[in-house]
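Colleague: Before I use this model, I would like to go through the terms attached to it and hear the reasoning behind each one.

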Protein chains: 4
Amino acid sequence: MTTLLIVNGTVIGSAGPYAADVLVEGEKIAALFAPGRGPADVETIDATGKYVIPGAVDAHTHMELPFGGTFASDTFDTGTRAAAFGGTTTIVDFAVQRTGEVVQDGLAAWHGKAEGNCHVDYAFHMILGGVDDDSLKAMDQLVADEGITSFKLFMAYPGVFYSDDGQILRAMQRARDNGAVIMMHAENGIAIDVLVQQALARGETDPIHHGITRPQALEAEATSRAIRLAEVARDCPLYIVHLSASQALEEVAAARDAGRNVFAETCPQYLYLTLEDQLGAPGFEGAKWVCSTPLRSKHEPHRADLWKGLRSNDLAVVSTDHCPFCFKDQKELGRGDFSKIPNGIGGVEHRVDLVYQGVVDKQLSLARWVETIATTPARMFGLYPRKGVIAPGSDADIVLYDPAGTTRIGVDTHHMNMDHSAWEGYEIAGRVHTVLSRGTVVVDGDGNYHGRKGHGQYLRRGLSDYLL
Amino acid sequence: MTTLLIVNGTVIGSAGPYAADVLVEGEKIAALFAPGRGPADVETIDATGKYVIPGAVDAHTHMELPFGGTFASDTFDTGTRAAAFGGTTTIVDFAVQRTGEVVQDGLAAWHGKAEGNCHVDYAFHMILGGVDDDSLKAMDQLVADEGITSFKLFMAYPGVFYSDDGQILRAMQRARDNGAVIMMHAENGIAIDVLVQQALARGETDPIHHGITRPQALEAEATSRAIRLAEVARDCPLYIVHLSASQALEEVAAARDAGRNVFAETCPQYLYLTLEDQLGAPGFEGAKWVCSTPLRSKHEPHRADLWKGLRSNDLAVVSTDHCPFCFKDQKELGRGDFSKIPNGIGGVEHRVDLVYQGVVDKQLSLARWVETIATTPARMFGLYPRKGVIAPGSDADIVLYDPAGTTRIGVDTHHMNMDHSAWEGYEIAGRVHTVLSRGTVVVDGDGNYHGRKGHGQYLRRGLSDYLL
Amino acid sequence: MTTLLIVNGTVIGSAGPYAADVLVEGEKIAALFAPGRGPADVETIDATGKYVIPGAVDAHTHMELPFGGTFASDTFDTGTRAAAFGGTTTIVDFAVQRTGEVVQDGLAAWHGKAEGNCHVDYAFHMILGGVDDDSLKAMDQLVADEGITSFKLFMAYPGVFYSDDGQILRAMQRARDNGAVIMMHAENGIAIDVLVQQALARGETDPIHHGITRPQALEAEATSRAIRLAEVARDCPLYIVHLSASQALEEVAAARDAGRNVFAETCPQYLYLTLEDQLGAPGFEGAKWVCSTPLRSKHEPHRADLWKGLRSNDLAVVSTDHCPFCFKDQKELGRGDFSKIPNGIGGVEHRVDLVYQGVVDKQLSLARWVETIATTPARMFGLYPRKGVIAPGSDADIVLYDPAGTTRIGVDTHHMNMDHSAWEGYEIAGRVHTVLSRGTVVVDGDGNYHGRKGHGQYLRRGLSDYLL
Amino acid sequence: MTTLLIVNGTVIGSAGPYAADVLVEGEKIAALFAPGRGPADVETIDATGKYVIPGAVDAHTHMELPFGGTFASDTFDTGTRAAAFGGTTTIVDFAVQRTGEVVQDGLAAWHGKAEGNCHVDYAFHMILGGVDDDSLKAMDQLVADEGITSFKLFMAYPGVFYSDDGQILRAMQRARDNGAVIMMHAENGIAIDVLVQQALARGETDPIHHGITRPQALEAEATSRAIRLAEVARDCPLYIVHLSASQALEEVAAARDAGRNVFAETCPQYLYLTLEDQLGAPGFEGAKWVCSTPLRSKHEPHRADLWKGLRSNDLAVVSTDHCPFCFKDQKELGRGDFSKIPNGIGGVEHRVDLVYQGVVDKQLSLARWVETIATTPARMFGLYPRKGVIAPGSDADIVLYDPAGTTRIGVDTHHMNMDHSAWEGYEIAGRVHTVLSRGTVVVDGDGNYHGRKGHGQYLRRGLSDYLL
Ligand SMILES: [Zn+2]
Ligand SMILES: [Zn+2]
Ligand SMILES: [Zn+2]
Ligand SMILES: [Zn+2]
Ligand SMILES: [Zn+2]
Ligand SMILES: [Zn+2]
Ligand SMILES: [Zn+2]
Ligand SMILES: [Zn+2]
């Protein structure tokens with residue numbers, strides 16, 4: 001059994017930083033000591049000058065997701081290995097029920113993909129592609145027996161994942177009763193499809209039109225609608241995924257001011273990248289940044305507002321929505337028709353760094369950095385106190401983060417299975433130094449990898465700890 | 001040196017509860033252990049079935065405050081002893097500069113009252129009764145040298161504590177530069193005084209008219225004004241004290257949605273007591289509940305909104321505004337003229353219990369209970385990580401709270417120097433069990449007192465850790 | 001040719017009341033004179049003590065509407081005669097295209113019903129039951145050639161009139177280009193149908209459940225959604241019909257504060273009647289008040305807010321949504337299943353009176369009374385200056401209203417083809433005294449009827465005069 | 001007695017334009033006729049192609065105002081003559097009570113200045129420079145006996161016109177009882193004075209610092225405070241003068257959405273001119289545009305928002321705040337110290353044109369043009385129906401406005417007593433063609449002046465007709 005003492009570091013908790021030494025025994029954190037008070041006779045890791053933070057929890061990934069005739073390019077193997085490199089030691093991926101399928105079959109398929117292949121621990125949300133009596137019953141069963149306590153619905157993608165407002169309402173009512181959280185892709189896909197068809201009919205086929213045909217008003221509208229439907233479902237807990245527009249944030253903030261159980265996440269891409277500079281890159285280059293919700297205009301205050309939302313907790317979580325597609329053969333499917341470009345950006349490896357850059361840029365405190373990438377997703381999705389905190393008894397998922405280090409992001413150095421990087425050339429004023437997953441050092445301070453496929457375990461989740 | 005292990009308890013942190021054993025060595029927390037992993041050979045306190053929480057921090061007390069020709073009836077001796085009984089191990093009292101006085105003289109006077117008399121640790125905010133060039137310079141000196149990093153101004157009480165908007169602006173500008181927080185008593189006292197004179201002229205002299213002449217609109221107005229002035233002072237951090245009205249809360253929430261460094265506290269009296277039932281009690285009885293801001297109408301949603309604000313963190317802190325006056329000879333000064341009733345309610349002993357009752361009533365989570373009474377005030381006012389958290393290296397200010405216990409509040413049992421209780425007959429479904437102050441058990445599980453006058457030390461505070 | 005001078009009355013214009021004599025020549029108003037300055041040698045009507053107002057314009061009626069297997073019980077003959085008795089000299093009825101029908105065929109059918117049968121002038125809006133390429137083209141043709149410049153869509157009634165958000169968006173885009181106004185029945189019918197089925201499954205079959213299953217949140221949601229869709233359609237003019245909930249009004253008000261071309265009407269039933277007192281009447285009695293949007297709870301501030309909205313012009317128009325069904329054989333279709341009750345209340349005869357009562361009750365000024373029932377609907381729907389004002393050159397549609405009179409409403413006295421009255425027993429402190437339609441006295445001061453079927457003419461409407 | 005028929009014109013009323021011929025007999029409008037229906041044997045004015053509008057009402061002028069050691073440069077003679085040239089046939093000037101003066105003495109002084117000197121009709125508001133028992137009594141007397149029904153207070157200019165919040169509250173309470181309207185200069189002058197002193201101390205003495213030291217937040221704050229105080233005064237009618245900032249407009253809009261009797265005016269300078277381009281003109285040139293509230297930044301949406309407010313009626317009135325000072329000897333008093341520059345812009349001659357330009361620019365409808373410059377000020381301040389409308393019985397104050405004309409504004413052509421123009425070089429796509437004051441043609445279509453000093457009469461005003 002491992003026994004390790006991490007000494008001389010600064011632990012970052014929800015209340016802020018404090019100096020403490022962390023004792024790891026086996027897979028767990030055994031104790032926290034005032035500096036120097038720990039046992040003398042054990043192996044140590046020197047964390048001088050480092051932040052000691054809980055392994056990050058990425059609550060939104062799509063490994064091997066089938067989409068538009070292809071598959072997300074990271075398997076659970078490659079994707080979770082990249083996650084480990086980036087300081088993320090838990091992912092919550094989305095198992096998928098498609099319309100007409102049995103929910104449990106979809107779940108079984110995802111277990112099949114993940115089992116034995118993961119480098120870090122993993123859990124599942126369930127996408128409900130078709131709400132009917134059977135899938136409502138399945139919700140109860142997944143909550144009770146399978147450790148799946150969150151269900152994602154789509155107001156976009158008619159004919160694929162789309163649920164109508166009646167289906168959404170029924171799922172919300174059921175969640176209200178069984179304690180689950182409803183996660184929502186909040187874009188008015190019915191209206192968007194009209195705009196998309198009109199754009200294509202006008203010959204507007206370049207990647208930027210993916211963004212132009214998904215205007216902020218249709219994200220804000222769907223966000224508002226989801227909040228009202230949750231109100232009708234007697235305040236069913238609601239979690240808006242990948243929020244990108246200021247106006248959608250305003251809807252969330254107003255619901256929260258009214259005391260509602262409404263939460264939202266954003267993603268690093270919305271904090272840094274823009275409609276014009278990335279999605280509007282010359283030629284077909286912008287395809288790399290086709291994701292939904294889309295990148296927003298740099299001429300509007302979206303990015304500043306999202307940072308503000310993270311500070312004030314109107315945005316509770318930063319996830320990646322990791323959904324990588326290679327440029328060659330995958331993104332290229334949409335040459336001449338932006339609507340055929342597979343939607344998604346790969347970033348599971350970079351979230352800890354990209355949000356830390358916000359600390360450097362005075363956008364966020366250290367405590368909020370850790371909350372938004374680790375503690376809150378763990379609490380939100382029923383993984384606390386096993387994950388998301390540095391506390392005795394918790395899993396020894398620990399990251400030493402070096403504020404004196406530097407990280408250059410690019411396709412030459414990343415570990416994701418992608419032939420390009422959405423963040424090519426970005427340089428972060430900090431570095432993931434050492435990563436422990438359940439007591440094992442999987443990445444050491446020199447960047448050597450000691451993890452292995454199959455180390456990662458499936459996590460049965462409880463109900464959310466985060467409700468008002 | 002004490003060595004003590006608190007075993008079998010449930011620690012409540014900002015992220016929620018977890019099981020841990022807490023090792024106290026001397027005046028500090030030396031370590032937290034996963035249950036059972038602590039040293040075997042030390043004295044233990046059994047916390048089975050108890051919550052282990054940081055000693056509470058009351059950021060708003062007025063011991064021995066001179067007011068209306070009399071003095072608040074608790075000395076630092078009696079008041080801090082009562083605080084200890086109630087699980088509060090730190091108070092931040094208000095030193096007072098009156099108009100024309102030298103700020104440092106006021107501070108020295110308060111040190112004189114407190115030094116050697118306190119049972120628990122104490123710090124000071126500084127009330128500026130007159131903002132001028134000298135007191136602005138004094139602000140810098142208090143921040144730099146005296147550990148005083150928050151300054152309170154009054155928009156009420158013309159001729160006593162009142163500052164005009166120009167003075168407020170100047171103090172805010174200075175605070176913006178030296179890092180201090182401006183605390184604001186936000187009521188439009190100029191307009192209130194007109195209403196008071198008009199009421200008295202109509203023969204409306206009963207205590208309830210204290211409340212009627214301080215309508216919510218004049219609290220909301222002042223709150224809004226303070227927020228705008230802080231904006232002009234380049235977003236000076238602003239902390240609204242004793243917020244009681246829904247409409248004032250809306251102003252705070254809107255500022256926070258806009259990303260502003262605006263914070264607010266409420267007090268237990270506003271969460272439970274009302275204009276009609278208490279302040280409007282028959283005869284002169286209502287005088288017991290004369291405080292400013294006043295109790296609000298039960299026919300309006302103030303109380304529910306305040307609980308909502310505590311959940312959403314638009315209200316960050318619960319303080320007591322402990323300012324006790326005896327009924328006899330003190331409150332009675334205002335018979336026949338409500339404006340002569342000394343303003344204040346005593347409650348330093350009951351805050352931990354009264355907010356815990358909100359947990360029982362499903363108004364608040366355990367984590368928010370601890371944040372609002374201990375962690376956030378400590379962070380807000382520069383006492384973190386020494387106070388406000390259960391963490392290695394922090395002061396061993398620890399409370400064992402028994403959710404199976406019961407607390408009956410009343411003048412026969414309380415320890416404050418008051419001849420009545422504002423909370424007479426209230427029964428709480430929980431009990432302060434054991435209290436440690438800097439490693440010393442001052443109250444044991446049987447309610448015996450082991451503390452002593454002079455144990456409490458003055459705390460030099462740093463700048464706020466809580467800014468966005 | 002008639003020549004008539006209405007003398008001694010007080011004309012009510014948009015800017016307020018003024019004394020003037022009104023000269024009618026033929027079908028038109030020939031002149032307005034300062035009192036006593038008119039020609040001496042003509043027939044006069046003495047309007048001493050009366051208000052002289054433009055004949056009212058009811059912008060929302062449904063004569064002979066097929067609904068739920070039956071027909072609204074007023075024909076254009078009986079309905080427009082009742083309108084005349086009530087001081088309404090123009091109606092704008094809804095011609096209907098059902099899904100799959102040719103728009104122009106629907107219009108022709110409505111012309112067939114109305115032509116030669118109307119007692120007062122009439123125009124048509126067009127209901128689009130199915131938005132597709134053909135009906136979009138038809139919109140242009142109706143605007144250009146048929147004098148139909150407003151189109152109504154439904155977010156409720158799936159399978160009957162319902163349009164999805166893509167259809168709505170396309171119709172709005174077209175309206176934006178051809179200058180028409182989109183009228184919206186704003187209720188989320190998809191979600192409502194779920195609530196209806198659930199209620200029926202629980203055995204909740206009484207009329208009140210019609211209201212309970214259409215909660216305010218689903219009206220507010222749809223209102224908000226329509227506003228956002230109109231924003232995407234480059235600020236297409238939008239007119240919300242039969243607004244009944246405070247929360248929907250808030251959405252309209254916010255859009256208007258933002259400078260948007262968003263308008264709304266309410267109906268008398270929402271200003272006076274309630275969920276509990278009418279829709280919740282014992283037994284099946286409540287069926288009389290089944291209409292959509294439903295009557296709202298008296299425990300919430302809806303009615304006061306609607307009056308407020310009329311004062312501030314956030315509500316621009318009062319229409320009746322006249323859609324009468326007899327209790328016997330019609331409303332009774334829904335015994336045992338509230339969802340089978342034909343939706344509608346008859347009131348075309350009472351609007352002038354019911355809104356005037358608001359003047360008596362100090363809810364509304366005289367000017368706003370006339371604006372909301374006559375001037376604004378005429379301007380909104382392209383009938384100004386022919387209708388809606390007392391001005392030289394306008395049609396001599398004139399009502400003398402007697403503020404000293406009294407109107408008792410009830411089935412025994414009304415002229416609508418209904419076997420009951422939604423307003424039975426209501427007494428109004430005012431009375432429609434004399435009514436002129438295009439220069440003809442159709443109702444005289446003694447209540448005698450001089451009108452005739454076929455007098456009413458079809459009005460080709462222009463574009464709205466009311467856009468910001 | 002004049003008898004004149006204005007033929008072939010288009011009358012603009014509150015409900016929109018209509019064709020009518022207007023008969024003037026003596027000082028009054030005797031009749032309106034459908035085109036061609038008027039008497040054949042009278043003198044005519046041909047208004048072909050012209051708009052026939054009511055003479056404009058300027059509700060905010062300061063003739064001969066003493067300010068900062070000098071006097072506004074227009075006398076009632078020169079100022080009202082210039083007004084007539086510009087189509088303004090009524091002014092409401094501000095009589096002044098200074099602190100310590102008897103209100104009625106101030107009024108008498110203003111009557112002394114105006115009587116026998118005015119070219120067009122005039123009325124007075126009363127500025128209360130000191131609210132005390134005597135001036136409160138005087139308010140009642142002026143309402144009852146003097147035809148003065150509006151009282152202006154200042155939240156700015158401490159030591160000159162400033163009232164504190166208690167004085168404001170008392171005046172509002174009195175107005176609530178006697179029916180008057182409170183007009184408010186809403187800027188936080190106490191805070192502004194601090195900023196001014198700090199700027200001067202830093203050597204920031206140029207005119208632009210006049211604007212920088214009066215930030216929008218201090219206008220919005222005061223606006224909000226005035227609204228709250230009016231709420232405490234049981235919804236006393238409140239009229240905010242010279243609103244210039246978007247954020248102040250938001251406060252007004254919110255109050256109006258809540259159904260409050262809150263109104264606001266803006267001025268042409270805020271619709272067109274900016275902090276940078278005018279107030280920030282090189283050298284001391286900016287002094288020409290020193291006025292309070294100040295011109296706002298062109299980098300913020302103030303101007304667009306003000307036009308929006310005029311469309312939606314959140315801004316009810318456009319006045320000029322005409323307060324002219326010559327550059328030489330007057331504006332120059334503030335060389336080297338912007339706080340010494342007399343505050344004011346002269347524009348009484350240009351308002352009709354400048355707001356008409358908004359019609360040309362599609363900012364405003366013809367109906368709103370006439371409402372904001374004539375009808376609403378007349379209704380707001382108790383002059384309706386004598387002034388502000390083209391209606392039989394009203395005063396024959398009539399303007400023929402030529403949309404085919406052009407107006408070049410500049411010091412060489414204007415008639416105000418100023419040695420410069422704030423609008424030098426502005427060109428308007430329209431022209432005041434003919435102006436009648438009480439039946440007399442004072443300006444003919446060739447620009448010849450036929451008016452005379454002393455023609456203008458004092459107007460006793462009634463209570464406001466405009467309250468909700
Ligand atoms: Zn996703
Ligand atoms: Zn206070
Ligand atoms: Zn908020
Ligand atoms: Zn206090
Ligand atoms: Zn409808
Ligand atoms: Zn509004
Ligand atoms: Zn209808
Ligand atoms: Zn002025």
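Modeller: What follows takes the metal sites, then the core, then the relation between chains, and everything rests on a predicted model.

Colleague: What makes C:H60 (NE2), C:H62 (NE2) and C:D321 (OD) donors of the zinc ion (ligand 7)?

Modeller: These atoms lie at 2.0 to 2.2 Å from the zinc ion (ligand 7), and a donor is an N, O or S atom within 2.8 Å of the metal, so they count as donors. Along the sequence, the donor residues follow the spacing H-x1-H-x258-D. The zinc ion (ligand 5) is 3.8 Å from the zinc ion (ligand 7).

Colleague: Why is C:H60 called buried, and how do you know that C:H62 is buried?

Modeller: The term applies under 20% relative accessible area; C:H60 has 0% relative accessibility and therefore counts as buried, while C:H62, with a relative accessible area of 5%, is buried as well.

Colleague: Which residues coordinate the zinc ion (ligand 5), and what makes the pair a tie between parts of chain C?

Modeller: The zinc ion (ligand 5) is coordinated at 2.1 Å by C:H185 through ND1 and by C:H242 through NE2. Because C:H185 belongs to strand β14 (residues 181–185) and C:H242 to the loop between β15 (238–240) and α8 (246–257), the pair ties together parts that are 57 residues apart in sequence. C:H185 is buried, its relative accessible area being 1%, and C:H242 also counts as buried, at 1% relative accessibility.

Colleague: How do you know that the donors of the zinc ion (ligand 3) join two chains?

Modeller: Its protein donors are A:D257 (OD) and B:D257 (OD), which lie 1.9 Å from the zinc ion (ligand 3). A:D257 is in helix α8 (residues 246–257) of chain A and B:D257 in helix α8 (residues 246–257) of chain B, so the pair joins two chains.

Colleague: Which residues have the most contacts inside the largest nonpolar core?

Modeller: That core has 279 residues, and those with the most contacts inside it are A:I182, A:M184, A:W369, C:I182, C:M184 and C:W369. Leaving aside residues up to four places away in sequence, C:W369 touches several residues, including C:Y51, C:I53, C:V352 and C:Y401. Another core, of 277 residues, lies apart from the largest one, and B:A175 and D:M63 are among its members.

Colleague: What makes the relation between chain C and chain A that of a two-fold axis?

Modeller: Chain C is superposed on chain A by a rotation of 180° with 0.0 Å of shift along its axis, at an RMSD of 0.0 Å, and that is the relation of a two-fold axis. Moreover, 100% of the interface residues of chain C are also interface residues in chain A, so the copies meet through the same surface.

Methods
Residues numbered from 1 in each chain as written. Chains lettered and ligands numbered in written order. Predicted model: local features only at pLDDT ≥ 70, side-chain atom pairs only at ≥ 80, totals over all residues. Heavy atoms only, no water. Least-squares fit on C-alpha atoms with pLDDT ≥ 70 in both. Contact = heavy atoms within 4.5 Å. Donors = N, O, S within 2.8 Å, 3.2 Å for Na, K, Ca; no water. Helix = DSSP H or I, 4+ residues; strand = E, 2+ residues; numbered from the N terminus. Buried < 20%, exposed > 50% of the residue type's maximum accessible area, 1.4 Å probe, protein only. Core = buried A, V, L, I, M, F, W, Y, C linked by side-chain atoms within 4.5 Å.
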